[in-house]
Amino acid sequence: MKTYHLHGTHNLKWWQTAVFYQIYPRSFQDSNGDGIGDLQGIINRLDYLVDLGINAIWISPIFPSPMADFGYDVADYCDIHPMFGDLATFDRLLDEAHARNLKIILDFVPNHSSNQHPWFLESRTSRDNPKRDWYIWRDAKPDGSPPNNWISMFGGPAWTWDAPTGQYYLHSFLPEQPDLNWRNPDVVNAMHNALRFWLQRGVDGFRVDAILCLIKHESFQDNPPVTPGSYWERWGHQFEPRYTVEQPEMFEHVRLMRRVFDEFEERVHIGETGTVDVAGLIPYYGRPLDGYDIPFNFKLLHANWHAATVRQIVEAYYDILPAGGWPNFVFGNHDIHRFATRYGYQNHRSVAMLLLTLWGIPTLYYGDELGLEDVFIPLAQRVDPWGIKMPEGDFGRDPERTPMQWDSSPNAGFTSGQPWLPVANDYAQRNVASQLADAHSTLNFYKTLIQLRRSRPALHNGAFTFVDGLGDDLLAYRREADGQRLLVCLNFGDQTRTIDLSHLTSRAATLLSTHFTQQSGTTFMLQPHESILLQLG
Ligand code: GLC
Ligand code: CA
């Protein structure tokens, strides 16, 4: 039995014990009836977030943007889109959040700007424009075709022809998202200054978008075809992005950006990674620890909901963490279907139990605390540019981006206008107001769980030990600190299981169950898909 003793548990940084909560700003709360969420809407709901118990809010991009990729196409890195508010409203959000002890994390999109960014507009005016080299331009092959076989993460060629200057430009995502040239020191400077602009205003950190694409191999050679069964093939790619992702110089830029964060006190540096396995996360921590504080770990999010699989991933991760490196887990975000749908609704509370009791920083996605499921969006109403390109059977990312469900009033209290994406049909029953009134709701389950995590050192920074041999389909672990001993047991299966804990304790008692059962003693019964958190005597 291996115990993971946590490193340096006495001088924890604020983010090591924090619960993060992602807001997709278009969908959280509209305050002016245009059907799109905004900053004032977030301000209006801060007390809800305090009551939920989270510590830090990460807000997806709120900068000026033509919204080709809903804000991940930035047209000005140092301002607020009028649709979301203005700088004064943003400063108020910061003040109001800080007054409530909530941190604000913004989203930094360094790999590409919008094609409407003044830098790109200049860059495309002529081959000798001083901003030409801020983006990645190449000549066509003699037959007029793109310079190489690189493809966009959203499918189709990564090159778009620009007739006026007779060259192709590179875009790892949409043609509306031209890649910046991070080999140009002026770009690096300008982008670092954009970070400073917000950090100086008091922003508590950034989640950095799509970092893996930041630098491309200098040779611009073709990518090789994918190996059958490989990670990239499973992602639907025809070519392995050998020369387009995770180049060594990219890690160097993670370190350089980190230095900008270090010019300020107590800021958190979070990265969106895209690694093949947990081992791939390690270089993002830096050597030693001069990279990301939180390199997002998506490995459980892409796993099957099986006890053995989850165990194997968690253990592999803990086993290779660099000294002082802190783990983290993510189960949902604006790019992936809701876990209540992916893992089956019967498991959604167990996912929360796991996420909030593992050793590692949890990031929640808005609405998961209500057990929200994917919302089916008919093709005619799809708006996600990636989703629109997808075959009939797939749905893109709209299903996990629908409006937050606040109450049973029209449009779930999200907007008095026409919501930009349809509200789920079930909102009259499934909403914040109705769940607050129901002691056994998913929302109250989350509130209790977050409260337990915050108040018990064993849960946020206690030693971690897997407990073996309790039975099939079960995953169990102990968390211990300051003489306090807790045990978590998840039943992944659809059979009732009884566990005997007499070798571990003389008497245990339930602190929280996904099914709100209450038991005590040394044997415990778990219903199908039930998970329990116990205090060991
Ligand atoms: C990231 C974002 C995603 C966006 C893409 C391009 O993966 O999470 O929403 O479409 O980068 O910026
Ligand atoms: Ca609005």
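1. A good place to start is ligand 1, which has 14 residues around it. The closest of these are D69, D209, E272, H334 and D335. Please keep in mind as you read that this is a predicted model.

2. What kinds of residues make up the shell around ligand 1, by class? Seven are charged, four are nonpolar and three are polar.

3. Next, have a look at the oxygen atoms of ligand 1 and the side chains that face them. For H334, a side-chain N or O atom is 2.8 Å from an oxygen atom of the ligand. The side chain of D209 has an N or O atom 2.9 Å from an oxygen atom of ligand 1, and a distance of 2.9 Å is also found for an N or O atom in the side chain of R397. As for cover, ligand 1 on its own has 310 Å² of accessible area, and the protein covers 95% of that.

4. Which pocket does the ligand take up? The space taken by ligand 1 is the largest pocket.

5. Away from the ligand, you may like to trace an open sheet of three strands, with the order β5-β7-β6 and antiparallel pairing. Strands β5 (137-138) and β6 (159-162) are at the edges; each has a single partner strand, so one side of each has no neighbour in the sheet.

6. To follow one pairing in detail, take β6 and β7, the latter made of residues 167-170. These two strands pair in the antiparallel sense over four bridges. Within this part of the sheet, D162 stands opposite Q167 in β7. As background, strands of a sheet pair through backbone hydrogen bonds, either parallel or antiparallel.

Definitions and conventions
Residues are numbered from 1 along each chain as its sequence is written. Chains are lettered from A and ligands numbered from 1 in the order in which they are written. This is a predicted model: local features need pLDDT of at least 70, side-chain atom pairs count only at pLDDT 80 or more; totals for chains, interfaces and linings use all residues. Side-chain values use heavy atoms; hydrogens and water are left out. A residue is near a molecule or strand if one of its heavy atoms lies within 4 Å of it. A polar contact is a pair of N or O atoms within 3.5 Å; within protein, one must be able to donate a hydrogen and the other to accept it, and residues adjacent in sequence count only if both atoms are side-chain atoms. Accessible areas come from the Shrake-Rupley method with a 1.4 Å probe; for residues, only the protein chains shown count as cover. On a 1 Å grid over the protein atoms alone, a cavity is a set of points where a 1.4 Å probe fits but cannot get out, and a pocket is an open set with protein on both sides within 12 Å along at least five of seven lines; lining residues have an atom within 4 Å of a point. A molecule sits in a cavity or pocket if more than half of its atoms lie within 2 Å of its grid points. Ala, Val, Leu, Ile, Met, Phe, Trp, Tyr, Cys and Pro count as nonpolar, Asp, Glu, Lys and Arg as charged, and the others, Gly among them, as polar. Two strands pair if DSSP finds at least two bridges between them.
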